[in-house]
Amino acid sequence: WVLAHVSGALVGNQAAASVLHAKGYAGPLRVLPQFGVDPDLYRPAPTAPPPDAPFSIGYAGRLVPEKGVDTLLEAAAGLSGAWRLQIYGSGPARDALRQQTIALGISDRTRFYDQVPSSEMPAHLAGLDALALPSRTRPNWMEQFGRVLIEAMACGVPVIGSSSGEIPNVIGEAGLIFAEGDALALRRHLARLQADAALRRTLATAGRARVLAQYTQAQIAAETADFYRELCAQPAPPRRRG
């Protein structure tokens, strides 16, 4: 009944749009995130890290199997040179992930942080050289957006995401994508960023620009209002019975 009577539909990702179309909706539709970031809070670090600082990789989010953090640990374990891995978040997989770092011999390079206050996350993110979101699709779940991606991009941090759900659409051409669950592919992307400072700068600039164009709170609010105006300007659809 709702799909037959609404003037328009606003959805948060491409998968939701596909669901509506599969259910027979054929009216006006806009794909638009339901939240954004404040680019004045999430912004690049004011100073560059020392040239001898280790390559800093980060993950932020729930520690649950579907987030694929075990894939990230396996990928990082094969890196050479100086690097460190910072894991922000909590969840039921935390103990198993700690044990995995010991088994892989990288516990001394990996630091687990408990839940960090949101006011402190911009500074933590801005200090990274790369952020990875290695989510894995499950029969009843896929990555719906990946908010940490736009937060890191706003901070001028290169992002690497898996192919799960909406991640490739969020990153676009401003980051690197790998097939979900493929630790070797993720390792290659990490190694490439570790070795190529120019690529890191290019992706950092592209990511920040993408956020400013599409993912700020102000931009999302403006596009939402524009969609409402478009709907208000259209003739009212004929009412169906039922």
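Two strands pair if DSSP finds at least two bridges between them. Helices (H or I, at least four residues) and strands (E, at least two) are DSSP runs, numbered from the N terminus. Keep both rules in mind for this tour.

The model is predicted, so local features need pLDDT of at least 70 and side-chain atom pairs count only at pLDDT 80 or more, while totals for chains, interfaces and linings use all residues. Residues are numbered from 1 along each chain as its sequence is written, and side-chain values use heavy atoms, with hydrogens and water left out.

**Stop 1: strand 3**

Select residues 55–60, which are strand 3. Six of its six residues are buried (under 20% relative accessible area with a 1.4 Å probe, protein chains only; exposed is over 50%, partly exposed in between). Strand 3 is therefore largely enclosed by the rest of the structure. In a regular strand the side chains alternate between the two faces of the sheet. Here, one side holds Phe 55, Ile 57 and Tyr 59. The other side holds Ser 56, Gly 58 and Ala 60. Both faces are covered.

**Stop 2: the neighbours of strand 3**

Add residues 83–88, strand 4. Strands 3 and 4 run parallel, joined by six bridges. Find Tyr 59: its bridge partner in strand 4 is Ile 87.

Now add helix 3, residues 69–77. Strand 3, helix 3 and strand 4 make a right-handed β-α-β unit. Right-handed means that, with the strands pointing away from the viewer, the path from the first strand over the helix to the second runs clockwise. Turn the model to check this.

Next, select residues 130–133, strand 6. Strand 6 pairs with strand 3 in the parallel sense over two bridges. Gly 58 stands opposite Leu 131 in strand 6.

**Stop 3: aromatic rings**

Rings of Phe, Tyr and Trp (its six-membered ring) pair if their centres lie within 6.5 Å; planes under 30 degrees apart count as stacked, over 60 as edge-to-face and the rest as tilted. This rule gives three aromatic pairs.

Select Tyr 88 and Tyr 113. Their ring centres are 4.4 Å apart and their planes are at 20 degrees, so the pair is stacked. Tyr 88 lies in strand 4 and Tyr 113 in strand 5 (residues 110–113), so the pair ties together parts that are 25 residues apart in sequence. Both Tyr 88 and Tyr 113 are buried.

Move to Phe 145 and Tyr 215. With centres 5.8 Å apart and planes at 80 degrees, the pair is edge-to-face. Phe 145 and Tyr 215 are both buried. Add Phe 35 to see one aromatic cluster of Phe 35, Phe 145 and Tyr 215.

**Stop 4: the pockets**

A pocket is an open set of points on a 1 Å grid over the protein atoms alone, where a 1.4 Å probe fits, with protein on both sides within 12 Å along at least five of seven lines; lining residues have an atom within 4 Å of a point.

The largest pocket holds about 630 Å³ of space. Of its 24 lining residues, the closest to its centre are Ala 48, Pro 49, Leu 128, Asp 129 and Arg 200. Helix 9 (residues 197–214) gives the most to this lining, with four residues.

The second largest pocket holds about 380 Å³. Its lining has 16 residues, and Ala 60, Gly 61, Arg 62, Tyr 88 and Gly 89 lie nearest its centre. Helix 6 gives the most to this lining, with three residues.

Definitions and conventions: Points joined across faces, edges and corners; volume = space filled by probe spheres on them.
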